[in-house]
Amino acid sequence: MVEHYVYRIAQPVWLLKRLHTRVVKTLNNKSSSVPSKSSMSHDLQKDKDLLSRLDHRDWLAPNEVSKLFVKISEPELVLSAFRKVSQRKDYKPTEALYSIIIEKLALARMLDAIEDVLRLAKSENCSLSDEFFYRLIKICINVFKHPEKAIEVLQEMPDFRCWPSVKTFNCVLNMLVCEKQYDVIHEIYLSASQLGVKVDTCTFNILLKGLCKVGKLDSAFALLSELPKQGCRPNTTTYSTIMHGLCKHNKLEEAFVLLDRMETEGCYPDTVTFNILISGLCKQERIDEAKMLLYKMQLKGCAPNSGSYQALLHGLLNCGNFVEAKDFMVLMVSKGIHPSFLSYKMVIDGLCRHTPSYEVDWLLKQMVQQGFIPRKGTWKVVLENMSLTMNCVECRMILQDIDINRGEVSRFPGFQSEVC
């Protein structure tokens with residue numbers, strides 16, 4: 001019996017020591033990565049030396065100029081260098097150079113400077129490709145979070161003698177759906193013919209996603225029927241998008257009807273399709289049906305992925321089946337699939353509160369091995385669980401062992417936050 005208690009007491013201590021070592025290493029790595037003032041001044045001088053090469057009268061090859069701009073690190077000096085090279089009569093800026101400059105200015109969050117560079121490119125009648133504008137639109141969306149500028153770039157492409165591809169067009173359309181700018185989506189869609197874009201199935205999938213997000217499921221089905229008239233064939237993503245909307249609005253039976261329809265029309269579901277339906281079943285606490293669907297998808301040639309198992313695990317947790325959830329996590333780990341941090345937290349919390357005698361050592365060890373740090377709330381419920389099976393003297397031994405009464409646990413990151 002004593003050996004059993006000693007074993008249980010040792011587990012939190014072992015985990016805390018391991019966490020502390022990891023935190024110290026992280027802090028040391030961060031401190032060593034901070035650049036010094038001397039290195040920054042050295043980089044600035046190096047940039048100026050590179051910039052002086054543009055004053056030479058020697059002929060400059062395009063690849064030489066590109067390499068020079070790649071080496072310049074200071075954004076302001078990039079602009080100065082660009083002005084110098086643009087004034088040379090023996091060199092005309094190329095698309096490669098414009099790409100390098102815009103990427104560097106984007107990293108410095110200099111949107112106005114990018115607009116100046118584009119105006120210069122237009123005045124120079126520089127021919128830029130669709131791929132260039134595609135990357136620029138992605139920069140406007142992901143770096144500057146500026147959907148209006150992305151639309152502006154799309155509409156100005158013909159001014160550069162470049163017509164957008166359907167990939168570039170769909171990128172802007174998808175951005176509008178993600179930004180919930182539903183009023184603008186239809187207007188941009190109607191501009192496809194003016195921009196010379198022939199819409200494809202992906203275009204309609206994006207429109208369907210927007211309709212499902214706002215709950216216009218009848219309009220989504222109407223658009224689904226419109227696809228063949230536009231010369232487009234629905235694909236797996238088309239049906240999965242509508243199924244996701246149906247499940248979101250608690251119309252699970254209609255989602256399964258659509259599953260039968262897509263198979264009848266020769267379009268077969270993939271893992272994403274089944275994950276949507278498994279999540280829908282779990283949302284309605286139909287766990288047994290979700291398990292059966294996980295099995296059936298394998299019979300249909302679809303291998304479950306981490307999303308499949310995670311969806312079912314969350315269903316078990318939300319239904320309070322904590323013991324079964326823990327066993328399911330063991331199965332996941334055996335298949336090389338790692339549960340999420342929230343899953344570990346919910347299982348440990350549920351087992352400790354509802355099954356006091358249940359051992360959680362495996363969960364704690366696996367959690368740390370996966371790279372997660374148990375927080376203060378997790379340790380608290382573990383200790384409370386241990387106190388139910390030990391007398392008060394033994395509980396005090398545990399608390400003293402991890403120095404929680406003296407506040408020394410604050411050295412560990414998991415104890416610095418409140419219960420979470």
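Modeller: Accessible areas here come from the Shrake-Rupley method with a 1.4 Å probe. Keep in mind that this is a predicted model.

Biologist: Okay, so how much accessible surface does the protein chain have, and what share belongs to carbon and sulfur atoms?

Modeller: About 22,400 Å², with 54% of that belonging to carbon and sulfur atoms.

Biologist: And what is the secondary structure of the chain made of?

Modeller: There are 22 helices and zero strands. Take residues 270-304: that stretch is 74% helix and 0% strand, with its end C-alpha atoms 10 Å apart. Residues 305-339 are also 74% helix and 0% strand, and there the ends are 12 Å apart.

Biologist: Where do those two stretches come from?

Modeller: From an unreviewed UniProt entry, which places the feature "repeat: PPR" at several ranges, including 270-304 and 305-339. Such annotations may be inferred rather than shown by experiment.

Biologist: What makes Thr378 buried or exposed?

Modeller: Buried means under 20% relative accessible area. Thr378 has 3%, so it counts as buried. Thr378 sits in helix α21, residues 376-388. Setting aside neighbours within four places in sequence, Thr378 is in contact with Lys345, Ile348 and Leu364.

Biologist: How do you know that Lys167 and Glu131 form a salt bridge?

Modeller: The cut-off is a side-chain nitrogen of Lys or Arg within 4 Å of a carboxyl oxygen of Asp or Glu. For Lys167 and Glu131 the closest N and O atoms are 3.2 Å apart, so by that cut-off the pair is a salt bridge. The pair links distant parts of the chain: Lys167 is in helix α9 and Glu131 in helix α7, 36 residues apart.

Biologist: Why do Lys167 and Glu131 count as partly exposed?

Modeller: Partly exposed lies between the buried limit of 20% and the exposed limit of 50%. Lys167 comes in at 40% and Glu131 at 34%, so both are partly exposed.

Biologist: What about Glu226 and Lys229: why is that called a salt bridge?

Modeller: Their closest N and O atoms are 3.9 Å apart, and the rule is within 4 Å, so the pair qualifies. Glu226 has 28% relative accessibility and is therefore partly exposed. Lys229, at 65%, is over the 50% limit, so it is exposed.

Biologist: Which residues are linked in a network of salt bridges?

Modeller: Glu115, Lys149 and Glu152. Within that network, Glu152 and Lys149 meet at 3.1 Å, N to O. Both lie in helix α8, residues 147-156, three residues apart, which is about one turn of the helix. In general, side chains of opposite charge can pair when their charged atoms come close.

Biologist: Are Glu152 and Lys149 buried or partly exposed?

Modeller: One of each. Lys149 has a relative accessible area of 9%, under the 20% limit, so it is buried. Glu152 is at 33%, so it counts as partly exposed.

Biologist: What makes a set of residues a nonpolar core?

Modeller: Its members are buried residues from a nonpolar list, Met and Phe among them, joined through side-chain atoms within 4.5 Å. The largest such core has 118 residues, and Phe69, Phe133, Phe169 and Met243 touch the most other members. Helix α7 gives the most to this core, with eight residues.

Biologist: Which residues is Met243 in contact with, beyond its neighbours within four places in sequence?

Modeller: Among them are Ala255, Leu258, Leu259 and Met262, along with Thr273 and Ile276.

Notes:
Residues are numbered from 1 along each chain as its sequence is written. This is a predicted model: local features need pLDDT of at least 70, side-chain atom pairs count only at pLDDT 80 or more; totals for chains, interfaces and linings use all residues. Side-chain values use heavy atoms; hydrogens and water are left out. Helices (H or I, at least four residues) and strands (E, at least two) are DSSP runs, numbered from the N terminus. Buried means under 20% relative accessible area, exposed over 50%, partly exposed in between (1.4 Å probe, protein chains only). Contact means heavy atoms within 4.5 Å.
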